[in-house]
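Me: Please take a close look at the salt bridges of this structure. Where are they, and how are their residues placed?

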Amino acid sequence: MVRFASRKTRQHAVLSKDFERELTREVLRTELLRVRALILTGGVMMLFLTAIYLLDPAVVDRVWRGTEGIIQVYGLLLGFILFEVWVHTQIRKNLRLDRDLPVIRRYIGALIETSVPTVILILQIRSMGASQALGFAVPLMYFIFIILSTLRLDFWLSTFTGLVAATGLLAAALYYNLTSETGEPLIYFHAVRSMVILICGVLAGAVGAQLRRQFAASIAAATARDRVTNLFGQHVSPQVVERLMAAGASAGGDLRRVAVMFVDFRGFTAGAQSRTPQEVVDRLDGAFAVLVDILDRHGGIVNKFLGDGFLALFGAPLEASDAAQRAVAAGREMLTAMDRINAQTSWPLRIGIGIHFGEVVAGNIGSPRRKEYTVIGDTVNFASRLEALNKEFGSQLLISASVREALGDDGSDAVALGEVEVRGYVQKMQVFQLG
């Protein structure tokens, strides 16, 4: 029972409204292709009949016993094309409204379409005889509808199309051609032909169902990708998204050792007071773009933007044994990049960075309607306090003792600031400054 419930939960998570809407739209698009192919087929057949009438009128007399028979076929094909044009407009309307076609309408449409060859066959039998008409090209028209039914992406609709075709051919054959010229019954002959048509409908349905599953898998992957992007922010690199898709993000909280980085722009509020809102946004976006690109290269992600700063993670949601080293390397490169940018602008910005390494609880946290991937724990709080200490020391990059220990020889340039009082902590904490 538990297994069943968990499976239902997983299915509900995958089959979201966005997924269902996109799958419906994809099915309607393939329906449009099918209808266009039928309209084109009807047009080609009318042109073919016209060419025969113009090039060899004697054929018309032999096959249709004059122009009256061919005019009946013309009228039937024209009506068929107009019907398909109407179906085409209805599908396009439903596409615009993000609405699926009613199931009953699909079956009625399949019945009407697949009955057209049967009506043409009956007209042909009356004009040229049962044996000749049943051995002519008209029965092959059923396969056009069966093949195109694959684009419905529905097993039962294709099977129904095959059933209608098989029934129509068998009924016409048995009614007009029950026995051969020698008096032998032809029921088995006609039954076998109809059975082949029915089997073709079933096979077309199987192919259509497989195509539907592939469409569904592609749309589900795209939906999952969007879900990952929504959880981890728009500034997750494509490489990180690919790895998250392959590894899977934790749906609940789990314990991780991560490097937490807080970045804040110093004096940004004061500088923004003398500038227009658009200038403020442009300057902030430009700086964020550079810093986030550096994070991407070092395997970090922006967990959330905090006004004129952000919280970044290394080692979550994807584990990294060298999370502290990655965070420090990214911090160093950020300082260099900001120096380069400041040399080219009239509004220089100074950043403060605090990095701490330790255990956190990482997972999707929030309400049932809106969740966000985040990390919780003292490691996060202390990293925030470290960043704020940059104001006190006039520094730009401060790290904790745990980060210094993880760096080893790579942190030989770290300057110990001693045991420092940190707001919110009773005991003094060791703090190090990097260049």
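**Salt bridges**

Reply: D322 is partly exposed (20% to 50% relative accessible area, 1.4 Å probe, protein chains only), because its relative accessible area is 29%. The model is predicted: local features need pLDDT of at least 70 and side-chain atom pairs pLDDT 80 or more, whereas totals for chains, interfaces and linings use all residues. Residues are numbered from 1 along each chain as its sequence is written, and side-chain values use heavy atoms, without hydrogens and water.

The partner of D322 is R326, and the two form a salt bridge (Lys or Arg side-chain nitrogen within 4 Å of an Asp or Glu carboxyl oxygen), with their closest N and O atoms 2.9 Å apart. R326 is likewise partly exposed, as its relative accessible area is 31%.

A further salt bridge joins the side chains of R297 and E333, at 2.1 Å from N to O. R297 belongs to helix α12 (residues 277–297) and E333 to helix α13 (residues 323–342), so this pair ties together parts 36 residues apart in sequence. Helices here are DSSP runs (H or I, at least four residues). E333 counts as partly exposed because its relative accessibility is 27%.

The side chains of E31 and R106 also meet in a salt bridge, with 2.5 Å between N and O. This pair links distant parts of the chain, since E31 lies in helix α2 (residues 17–55) and R106 in helix α5, 75 residues apart. Both E31 and R106 are buried, that is, under 20% relative accessible area. They also belong to a network of salt bridges that links E31, R34, D100, R106, E113 and R152. In total, the structure holds 15 salt bridges.

Technical notes
Helices (H or I, at least four residues) and strands (E, at least two) are DSSP runs, numbered from the N terminus.
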